[in-house]
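This report describes a single protein chain, moving from its overall dimensions to a few selected positions. Please keep the sequence and the structure in view while reading.

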Amino acid sequence: MTTNLSSHYVLLDATGSASTVKGGDAFWSLPPDELGRYGRGWLVSEYRFANDWPQWEMHPEADEIVRLMSGAAELHLEWATGVQVVKMQADDAYVIPKGAWHTVKVIEPCRMLHITMGAGTQHRPV
């Protein structure tokens with residue numbers, strides 16, 4: 001199976017099967033009942049970023065793994081005590097704990113790999 005992880009997610013479901021689904025806004029704008037079909041699987045995606053993320057996101061059901069493939073960025077994590085900034089360089093990885101609001105500020109154009117469970121994911125503007 002060949003796919004473009006920038007436009008599609010690879011969905012790894014609980015049975016061990018892998019399939020592709022349209023990613024990004026096409027995925028997150030699906031009706032809630034349709035999103036629920038995919039919610040317990042793991043979504044794998046990769047994106048190029050030249051600009052800061054326009055939103056914060058949070059995954060309440062599972063941790064998220066991010067790996068910076070190239071470039072440089074700051075991962076911002078929101079805690080009750082304030083915002084933690086994690087500087088990332090190419091090849092760095094970070095496990096974002098479930099329930100942690102996070103966003104990315106781009107230091108230099110970068111590519112980032114994401115692995116997360118989609119169930120209950122929330123977004124809010126920066």
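## Contacts and overall fold

In this predicted model, residues 24 or more positions apart supply 68% of the protein's contacts that have a separation of 6 or more. The secondary structure consists of 2 helices and 9 strands, and, read from the N terminus, the order of these elements is β-β-α-α-β-β-β-β-β-β-β.

## Dimensions, burial and surface

How does the radius of gyration of the protein agree with that of a compact globule? For 126 residues a compact globule would be expected to have a value near 14 Å, and because the protein itself has 14 Å, the two agree. Along the principal axes, the C-alpha atoms occupy a box of roughly 35 × 35 × 25 Å.

Of the 126 residues, 40% count as buried. The accessible surface of the protein amounts to about 6900 Å², and carbon and sulfur atoms account for 53% of that area. As for charge, the protein carries 10 positive and 15 negative charges, and the mean positions of these two sets lie 1 Å apart.

## Strand E5 and its partner E6

Strand E5 covers residues 64–79, and it is joined by 8 bridges to strand E6, residues 82–89, with the two strands running antiparallel. The connection between E5 and E6 is a hairpin of 2 residues, and within this pairing Leu77 stands opposite Gln84 of E6.

## Gly71 within E5

Is Gly71, a residue of strand E5, buried or exposed? Its relative accessible area is 14%, and because the cut-off for buried is under 20%, Gly71 is classed as buried.

Leaving aside residues up to four places away in sequence, Gly71 touches Met88, Gln89, Ala90, Glu108, Pro109 and Cys110; of these, Met88 and Gln89 fall within the residue range of E6. Gln55, by contrast, is 16 residues from Gly71 in sequence, and the C-alpha atoms of this pair are 20 Å apart in space.

## Glu34 in helix H2

Glu34 is located in helix H2, which spans residues 32–38. With a relative accessibility of 30%, Glu34 counts as partly exposed, since that class lies between the 20% limit for buried and the 50% limit for exposed. Along the chain Glu34 and Thr116 are 82 residues apart, while their C-alpha atoms are separated by 18 Å.

Definitions and conventions
Residues are numbered from 1 along each chain as its sequence is written. This is a predicted model: local features need pLDDT of at least 70, side-chain atom pairs count only at pLDDT 80 or more; totals for chains, interfaces and linings use all residues. Side-chain values use heavy atoms; hydrogens and water are left out. Helices (H or I, at least four residues) and strands (E, at least two) are DSSP runs, numbered from the N terminus. The radius of gyration is taken over C-alpha atoms; the globule rule is 2.2 Å times the number of residues to the power 0.38. Buried means under 20% relative accessible area, exposed over 50%, partly exposed in between (1.4 Å probe, protein chains only). Contact means heavy atoms within 4.5 Å. Accessible areas come from the Shrake-Rupley method with a 1.4 Å probe; for residues, only the protein chains shown count as cover. Lys and Arg count as positive and Asp and Glu as negative; His and the chain ends are not counted. The place of a charge is taken as NZ of Lys, CZ of Arg, CG of Asp or CD of Glu. Two strands pair if DSSP finds at least two bridges between them.
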